[in-house]
Amino acid sequence: MSDQQLYHLAEHVIVEPLIDKWIAWPHNFSPVLYGLHLLNYQKEVLASYIKNPGFHVKSCRNPKLLGGPFVDVPQERVTEIEDLLAGIEQDHTDLLKLGRDLIDFQNKLIQAASGQCIEAFYEHIPSSLRGFVELGYDYQNHPIVRCIESLFYESAYYKKASQSFRISALTHDDARPYYMSTPRLLDSKDIEWRMPFDNSKVDELFKLDIQPQPLNIICDLLSISATDDSRLLQFLSANQPVYAKPWNGAGARLRYFGHASVLFEANGISILTDPFISVSPIESGLERFTFKDLPEKIDYVLITHGHHDHFVFESLLRLRHRIGTLVVPRSSGIFYGDMSVKQLAHRLGFKNVQELDSLDSLAFSGGRITAVPFLGEHCDLLHAKSGYVIGFGGEQILFAADSCCLDQHIYEHVTNILGPISTVFIGMECIGAPLSWVYSPLLPIKPERTHDQSRRSHANNAKSALALLRAVGAKRAFVYALGREPWLKYFMALIPADDDSYMQEINQLIVEASKNGSMEAQMLFGKQDLYLNIDKGS
């Protein structure tokens, strides 16, 4: 075997995890959420496309409609979309009924249960929900249907057979259509790999990033005939791979990979936040760090919340074999939309998952990871989320992600407990999407337009960012998690401009932060290495 040519995954290869041909993300993975998303989004979008495919294609060319419910599939492939919709309706009758029954029952319960003993309502639970839910009240006598998520995962509602991977080449950063509205149909050069996400063979495929293998081994793994290996070769490279070496310099290095992905390395420890890692397109694009710039072993990965751009299946599954511990925020389990990120991670095949509540911590050699409160971003819905403080030596670093400083007293309390936090990575996507953009399929009652527009998934503006930074005693701030890198467009539906509202707020923050000379701030973009002088012995 030593004389055989060895291959690794080419740098332009994307391996998209799919569920029923759609990009996999938390809302089409967790069974209850998938039933609602199928019923109230995917079915409606596909039916609309079939009725008028030309309108959808035209709408997808309009930048003002980016992120809208329009299927970006050529009109001549409409029969494939018809087949996809028919398959969903045939294979997921139970999930569709589950979604319909949950919404109907919740609405009926709101009308009928007003504080009296709720036990009598158990006999009215629809058969699709019976044995999977608990009924209760909040303290204002509003009834709640609590879905017991672990039971749904162990039932016929959770369908591994719907899971697969699409292996393709990324020609340019703008090549992928919007993730939520457009299913991934196979092109002639693509490879479909029918494999559940939690299967150990998935790790074997992605080990090719760091452990090249002979072609016959790769063919066997993907169940590709040796006579058809020419299809596979376009996704492989025989060039000697160059891998990142662990950081062994003085202090700490923080390597920015784009969006909210930052790699902290110090004293032989590596910690990665919210991995959303790009590949290198065939056509030249913005310079970036990719999978090859990550160490072979990542001790901890920190997930701040379960949004599609922070819990990214494509990156997490590709890195699963490298990750020691996955750290996730705690879910309350009360609201069905507040999915358990821990349950989600376990079903994706992660063995070592640590769920942290605020001020829970994990110790590592020379330091500590502490979860801290995270306000905002979820359109006023109380879903699982957490910021993280990495303490190492005499330095503390806060990764605040998309949190918004709605109450600076919380950060003052955190600082009183943990001590000053001199370095802050802070999100400033200050407008954000309205409530209905992601959450509409989950809501029993559709929001009024004024409510929809006022309740947005947003992070800080200049004023709230400054309040946070001052509350924790920051000396330096790095603005990140903006979604402005070009490889994020298919996920973020954002076309940034130098003078847009986000940049105006960021520029204001930078000016205000530098006024008294005690703080510096800068915006991160593309790729960047940052260095902190830290006394390892302190």
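This briefing describes two sheets, a pocket and the aromatic pairs of one structure. The model is a predicted one, and residues are numbered from 1 along each chain as its sequence is written. Two open sheets of seven strands are described, one with β16 and β24 as its edge strands and another with β15 and β25 at its edges.

**The sheet from β16 to β24**

- Strands of a sheet pair through backbone hydrogen bonds, either parallel or antiparallel.
- This open sheet of seven strands follows the order β16-β17-β18-β19-β20-β23-β24, and its pairing is mixed.
- Its edge strands, β16 (361-364) and β24 (520-523), each pair on one side only, and neighbouring strands are turned by 15 degrees against each other on average when direction is ignored.
- Within this sheet, β18 (residues 387-392) and β19 (residues 395-399) run antiparallel and are joined by five bridges; tyrosine 388, for instance, has phenylalanine 399 in β19 as its bridge partner.
- Helix α11 (residues 408-418) packs on the sheet, where it touches β17 (367-372), β18 and β19, and the direction of α11 makes about 155 degrees with that of β17.
- Helix α16 (residues 501-513) also packs on the sheet, in contact with β23 (476-480) and β24, and the direction of α16 makes about 160 degrees with that of β24.

**The sheet from β15 to β25**

- The strands of this open sheet of seven come in the order β15-β14-β13-β12-β11-β10-β25, again with mixed pairing.
- Here the edge strands are β15 (353-356) and β25 (528-532), each of which pairs on one side only, while the twist from one strand to the next averages 20 degrees.
- Five bridges link β10 (residues 252-258) with β11 (residues 261-266) in the antiparallel sense, and the partner of tyrosine 256 in β11 is valine 262.

**The largest pocket**

- The largest pocket has a volume of about 720 Å³, and among the 25 residues that line it, Phe335, Tyr336, Leu381, Leu443 and Pro444 lie nearest its centre.
- Elements that each supply at least two residues of the lining are α4 (93-112), β5 (143-147) and α12 (435-439), of which β5 gives the most, with three residues.
- Sorted by class, the lining of this pocket holds 16 nonpolar, five polar and four charged residues.

**Aromatic pairs**

- A pair of aromatic rings is described by the distance of the centres and the angle of the planes.
- The count of aromatic pairs comes to 28, and one of them is the tilted pair of phenylalanine 165 and tryptophan 193, with 5.6 Å centre to centre and 40 degrees between the planes.
- Because phenylalanine 165 belongs to strand β6 (residues 163-169) and tryptophan 193 to strand β7 (residues 191-193), this pair ties together parts that are 28 residues apart in sequence.

Definitions and conventions. Predicted model: local features only at pLDDT ≥ 70, side-chain atom pairs only at ≥ 80, totals over all residues. Heavy atoms only, no water. 1 Å grid on protein atoms, 1.4 Å probe; cavity = no way out; pocket = protein on both sides within 12 Å on 5 of 7 lines; lining within 4 Å. Points joined across faces, edges and corners; volume = space filled by probe spheres on them. Helix = DSSP H or I, 4+ residues; strand = E, 2+ residues; numbered from the N terminus. Nonpolar A, V, L, I, M, F, W, Y, C, P; charged D, E, K, R; others polar. Pairing = 2+ DSSP bridges. Axes fitted to C-alpha atoms, helices over the stretch in contact; angles between N-to-C directions. Contact = heavy atoms within 4.5 Å. Phe/Tyr/Trp six-rings, centres within 6.5 Å; stacked < 30°, edge-to-face > 60°.
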